[in-house]
Structures are given as structure tokens and as C-alpha cells.
Amino acid sequence: SVSSFSVADTIIGLLFSLVVGLFIFVIYKKTLTGVMYSTGFALTLVGMAMVTTLVIMAVTSNVVLSLGMVGALSIVRFRAAVKDPLDIGFLFWGIAAGITAGAQLYWVALLGTAVIAVLYILITIFRKEKKSYLLIVRYDASCEMNVNGVLGAVKYRLKNKTQTGNKIELTVEVKIRRNDTTYLSRFNAIDGVESVTLLEYSGEYMN
């Protein structure tokens, strides 16, 4: 037997999870730090919150159904690749919002959503404030002292150094605040420097 439940409560729970899911969608879109934006993944966050709400409502209405639901969900396997570790947090955020909405713990959902949103915004601001970049300099071996002199003015970490004959390719990791790349002109002013390349470094490259 299924315990009685109100249709109004079901509609309210679904609408609440929809609003929270849309809020998570907006936060994900605004705090995205990657190169590719996945609309499908962002919309999945909204759908996940609503589907989880339905599952929790069904589980709380019948004890036997809850046991069967656990067995059914245990055989589900997801193969979608998550490109950014922060995206996993958004997935669990959507699930948690659906669970609290299905259990009618609306204040818990609102408070938790607000705290998590502030946390993600702060993390995004910190990551944008000081990014890591790969600086690749190609130059002649005769001007290595001058190149090292310019590098001494910034904090860097050596990643790779390749020398072929009289040519040297140097790759270092540098920190740049507020997209300030004015010091790159110092490398171009050195006689013997062929090229200077700056790439954003997300930490996913092999050392």
C-alpha cells in the first residue's frame, strides 16, 4: 500500500526543485572556467534535481517501493566523462537539491544552495585572479643569460628545456595576475629570441 500524499505538495516540490535547478544552471554557466561550455550537461543539472525529487517522493510513500528503488538504481551505470573535477560538485549539488525538495526540507535546500553558490563564486574569483600559464620561449643559446635575467624577475617553475644544436626551447609555468602580460615584451627585445608563446595551463598536462 502507498501512503497518502498531497498533489499540491508534489507540485510544490517539483516547482521548488525546478527553481533550484535553474539557479544551479545559472551558477554553472557564470562560474565556468573551462574552454568548452556543454549545454547538455548544464540542462542535466536541472533535470537531475527534478528527477531526484520524484524518486524521493516515491521512496517516502512506500517502504517496499523504496527497497525496490535501491535495487533498481544499483544497476545503473553512467559513462559520461567529466572534464572538470568541479563539475562533479555540481552533479552532487543537483542531487542534494532534489533530495531535500523531495523530503520537503525547503529551508535546508535554500540554505545549502546559498552557501554552495557563494563557495563556487569565491573559488571562481580566486582561479581567475591568478591563473597559471605555460611560457614557451625559443631562442639562441648565445642569449641564454639575457633570457634567464628576464625570468629572474618573475616566479616560475621549469617544465621542460630542449636544446637542438644552437637552438633552445624553454617551457616554464608562470603565474599572471589580472592578465598582465606586459613583461613578455622584454623577451622580444632580446636579440636572439625567435618567439614567445603563452598558453593557459589548467594543470592537466603531463609533467
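Axes here are lines fitted to C-alpha atoms, over the stretch in contact for helices, with angles running from 0 to 180 degrees between N-to-C directions. Everything shown comes from a predicted model.

**View 1. Helix H1 against helix H4.** Start with H1 (residues 7-30), whose axis comes within 9 Å of that of H4 and crosses it at roughly 165 degrees. Angles over 145 degrees count as roughly antiparallel, so that is how H1 runs relative to H4. The crossing is right-handed. On the H1 side, the touching residues are Gly13, Phe16, Ser17, Val20, Phe23, Ile24, Ile27 and Tyr28. H4 answers with Asp87, Phe90, Trp93, Gly94, Ala97 and Ala101. Sort this contact by class and you get ten nonpolar, three polar and one charged residues.

**View 2. Helix H2 against helix H4.** Now swap in H2 (residues 39-61), still looking at H4 (residues 85-102): the two axes come within 7 Å and cross at roughly 30 degrees. With angles under 35 degrees counting as roughly parallel, H2 is roughly parallel to H4. H2, too, makes a right-handed crossing with H4. From H2, the contact uses Phe41, Leu45, Met48, Ala49, Thr52, Thr53, Ile56 and Met57. From H4 come Asp87, Phe90, Leu91, Gly94, Ile95, Gly98, Ile99, Ala101 and Gly102. The tally for this contact is eleven nonpolar, five polar and one charged. Look out for Asp87, Phe90, Gly94 and Ala101 of H4, which take part in the contact with H1 and in the one with H2.

**View 3. Gln104, just past H4.** Gln104 sits in the loop between H4 and helix H5 (106-129). What stands out about its backbone? Phi of Gln104 is positive, near 60 degrees, although the residue is not a glycine. Most residues other than glycine have a negative phi. As for solvent, Gln104 is partly exposed, with a relative accessible area of 43%.

**View 4. Asp140 in strand S1.** Is Asp140 buried or exposed? This residue of strand S1 (residues 130-140) has a relative accessibility of 17% and so counts as buried, the cut-off being under 20%. Skip its neighbours within four places in sequence, and Asp140 is in contact with Asn166, Lys167, Gly192 and Glu194.

**View 5. The two faces of helix H6.** H6 (residues 144-151) has Val147, Val150 and Leu151 as its buried residues. These span an arc of only 100 degrees around the axis, so they fall on the same side of H6. Turned away from that buried side is a face carrying the exposed residues Met145 and Gly149.

**View 6. Val154, after H6.** Follow the chain out of H6 and you reach Val154, in the loop leading to strand S2 (156-164). Its relative accessibility is 23%, so Val154 counts as partly exposed. Val174 is 20 residues away in sequence, yet the C-alpha atoms of Val154 and Val174 are 7.5 Å apart in space.

**View 7. Stepping back to the whole chain.** The protein has seven helices and four strands. Along the sequence they follow the pattern α-α-α-α-α-β-α-β-β-α-β. Of the 207 residues, 31% are buried. Among contacts with a separation of 6 or more, 74% join residues 24 or more positions apart.

Terms used
Residues are numbered from 1 along each chain as its sequence is written. This is a predicted model: local features need pLDDT of at least 70, side-chain atom pairs count only at pLDDT 80 or more; totals for chains, interfaces and linings use all residues. Side-chain values use heavy atoms; hydrogens and water are left out. Angles under 35 degrees count as roughly parallel, over 145 as roughly antiparallel, 65 to 115 as roughly perpendicular and the rest as oblique. A crossing is left-handed if the near helix is turned anticlockwise from the far one by less than a right angle, and right-handed if clockwise. Contact means heavy atoms within 4.5 Å. Ala, Val, Leu, Ile, Met, Phe, Trp, Tyr, Cys and Pro count as nonpolar, Asp, Glu, Lys and Arg as charged, and the others, Gly among them, as polar. Buried means under 20% relative accessible area, exposed over 50%, partly exposed in between (1.4 Å probe, protein chains only). The arc is that of the directions from the helix axis to the C-beta atoms.
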